Structure formats: C-alpha cells, structure tokens
Amino acid sequence: MRLNCLQAHRKPRVKRTTDSHYAWPVARKVIDLDFAASAPDYKKAVDISYVWTAEVGLYLAIVIDPFSLRIAGW
C-alpha cells in the first residue's frame with residue numbers, strides 16, 4: 001500500500017452517550033412483567049415503533065388494554 005501511496009481510512013469512534021453513574025433514582029418495576037389484567041382499564045401496555053414514509057420517518061405509539069387486547073389509543 002505504501003508503494004502505491006494508499007492509506008487506510010479509519011471509521012471515527014462512536015462517542016458513548018450513556019452515563020451509568022447518574023444521580024437520579026431509577027424507577028421501580030411496578031408491573032413486574034405481569035401483563036394479565038383482572039379488569040378493563042386496570043393496566044396499560046405501550047409499544048413504540050418507527051415507520052418510514054416516502055418523505056421522513058415517523059414514530060408510532062400504540063396504547064393497548066391487556067384485559068380486552070384492544071387498542072386504547074395511538
């Protein structure tokens with residue numbers, strides 16, 4: 001490579017943005033991965049997706065009622 005005047009290009013290092021030593025308290029797990037609801041509107045589950053369109057990407061958030069498995073909002 002040196003004879004042909006070629007050089008390798010390194011990718012820039014990714015800057016770490018996560019700080020695991022922060023002063024704010026961590027929220028406790030209230031639902032504890034138990035999604036079975038005993039009554040309607042007792043618990044809610046949320047899913048967030050990223051949808052690409054022809055122009056831009058959009059976020060889509062869906063709120064689901066685990067008792068009836070119906071979409072409560074989006």
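**Entry 1: terms and model**

I take helices (H or I, at least four residues) and strands (E, at least two) as DSSP runs, numbered from the N terminus. I am working from a predicted model, in which local features need pLDDT of at least 70 and side-chain atom pairs count only at pLDDT 80 or more, while totals for chains, interfaces and linings use all residues. I number residues from 1 along each chain as its sequence is written, and side-chain values use heavy atoms, with hydrogens and water left out.

**Entry 2: the chain as a whole**

I looked up the secondary structure first. The protein chain has three strands and zero helices, and its pattern along the sequence reads β-β-β.

I then turned to overall dimensions. The radius of gyration of the protein chain, taken over C-alpha atoms, is 23 Å, whereas a compact globule of 74 residues would have one near 11 Å. The globule rule behind that comparison is 2.2 Å times the number of residues to the power 0.38. Along the principal axes, the C-alpha atoms fill a box of roughly 75 × 40 × 20 Å.

I looked up burial and surface next. I call a residue buried under 20% relative accessible area, exposed over 50%, and partly exposed in between (1.4 Å probe, protein chains only). Of the 74 residues in the protein chain, 5% are buried. The chain exposes about 8,100 Å², and carbon and sulfur atoms supply 58% of that area. The areas come from the Shrake-Rupley method with a 1.4 Å probe; for residues, only the protein chains shown count as cover.

For contacts, I require heavy atoms within 4.5 Å. Among the contacts in the protein chain with a separation of 6 or more, 16% join residues 24 or more positions apart.

I also looked up the charges. The protein chain has 11 positive and 7 negative charges, and their mean positions lie 17 Å apart. Lys and Arg count as positive, Asp and Glu as negative, and His and the chain ends are not counted. Each charge is placed at NZ of Lys, CZ of Arg, CG of Asp or CD of Glu.

**Entry 3: strand pairing**

I treat two strands as paired if DSSP finds at least two bridges between them. Strand 1 (residues 45-52) pairs with strand 2 (residues 57-65) in the antiparallel sense, over eight bridges. Four residues form the hairpin connection from strand 1 to strand 2. On strand 2, leucine 58 stands opposite valine 51.

Strand 2 also runs antiparallel to strand 3, with three bridges joining them. I noted two bridge partners here: valine 63 is matched by glycine 73 in strand 3, and isoleucine 64 by isoleucine 71 in strand 3.

In a regular strand, side chains alternate between the two faces of the sheet.

**Entry 4: valine 46**

I located valine 46 in strand 1. Its relative accessible area is 58%, so I record valine 46 as exposed. Leaving aside neighbours within four places in sequence, valine 46 is in contact with Ile62 and Val63. Valine 46 and glycine 73 stand 9.5 Å apart, C-alpha to C-alpha, with their positions 27 residues apart in sequence.

**Entry 5: positive phi angles**

I looked up residues with a positive phi that are not glycine. One of them is cysteine 5, at about 55 degrees. Cysteine 5 lies in the segment before strand 1 and is exposed, with a relative accessible area of 69%.

Leucine 69 also has a positive phi, of about 55 degrees, without being a glycine. I find leucine 69 in the loop between strand 2 and strand 3 (70-73). That hairpin has four residues between the strands. Leucine 69 counts as exposed, at 68% relative accessibility.

**Entry 6: isoleucine 31**

I placed isoleucine 31 in the segment before strand 1. Isoleucine 31 counts as partly exposed because its relative accessibility is 31%. Lysine 43 is twelve residues from isoleucine 31 in sequence, and their C-alpha atoms are 8.5 Å apart in space.
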